[in-house]
Amino acid sequence: QSASFVVGDCVSEEVGKPCLASWHSSMYLRGEMNDWSLVEGAMEKVGHFTWASNVSLSKYTKAKFAPYVGSWKKSYGTHPKR
């Protein structure tokens with residue numbers, strides 16, 4: 001008989017903040033509301049693989065999520081025809 005287990009220990013870079021898992025270290029919300037800025041729209045990691053941003057919009061707005069500042073190397077989201 002044998003048994004095995006894995007113990008994960010994560011240390012947050014910021015004191016007092018929980019260590020949360022994600023495929024990316026950062027995420028940006030880019031769209032018409034910030035003229036598709038490559039540097040604005042930073043989001044906050046609020047849960048494992050969960051990002052949040054508080055944005056007020058007055059109409060339908062096209063937007064995408066991008067994990068790299070200054071780059072469209074990878075992005076998420078599609079724009080349905082309206």
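Reader: Which element gets the lowest mean pLDDT, and which gets the highest?

Author: β2 has the lowest mean among the elements, at 90, and β1 has the highest, at 94. That score is the predictor's confidence in each residue, on a scale from 0 to 100. You're looking at a predicted model, where local features need a pLDDT of at least 70, side-chain atom pairs count only at 80 or more, and totals for chains, interfaces and linings use all residues. Residues are numbered from 1 along each chain as its sequence is written, and side-chain values use heavy atoms, with hydrogens and water left out.

Reader: What does the whole protein score?

Author: Its mean pLDDT is 83, and 80% of its residues reach 70 or more.

Reader: What elements does the protein have, and what makes something a strand?

Author: There are four strands and zero helices, so from the N terminus on you read β-β-β-β. Strands are DSSP runs of E with at least two residues, while helices are runs of H or I with at least four, and both are numbered from the N terminus. β1, for instance, covers residues 28-31.

Reader: Why do β1 and β4 count as a pair?

Author: Two strands pair if DSSP finds at least two bridges between them. β1 and β4 (residues 63-66) have four, so they pass, and they run in the antiparallel sense. One of the partnerships there is G31 with A63 in β4.

Reader: How many bridges join β2 and β3?

Author: Three, so that counts as a pair too, again in the antiparallel sense. β2 is residues 44-47 and β3 is residues 50-52. G47 stands opposite T50 in β3. The hairpin has two residues between the strands, and F49 takes a positive phi near 60°.

Reader: Are the two faces of β1 covered or open?

Author: Covered, both of them. Y28 and R30 sit on one side, L29 and G31 on the other, and all are buried. In a regular strand the side chains alternate between the two faces of the sheet.

Reader: How much of the protein is buried?

Author: Buried residues make up 18% of the 82 residues. A residue is buried under 20% relative accessible area, exposed over 50%, and partly exposed in between, using a 1.4 Å probe and protein chains only.

Reader: Why is D35 put in its accessibility class?

Author: D35 has a relative accessible area of 69%, which is over 50%, so D35 is exposed. You'll find D35 in the loop between β1 and β2, with a positive phi near 55° in a residue other than glycine.

Reader: And what makes W36 buried, partly exposed or exposed?

Author: W36 is at 30%, in between the two cut-offs, so W36 counts as partly exposed. W36 is also in the loop between β1 and β2, and has a positive phi of about 55° although not a glycine.

Reader: Which class does V69 belong to, and why?

Author: V69 sits at 47%, in between again, so V69 is partly exposed. V69 is in the segment after β4.

Reader: What does S75 touch?

Author: S75 lies in the segment after β4 and touches K64, F65 and A66, leaving aside residues up to four places away in sequence. A contact means heavy atoms within 4.5 Å. At 28% relative accessibility, S75 is partly exposed.

Reader: How far is S75 from M27?

Author: They are 48 residues apart in sequence and 9.6 Å apart in space, C-alpha to C-alpha. As for the protein's contacts between residues at least 6 apart in sequence, 55% join residues at least 24 apart.
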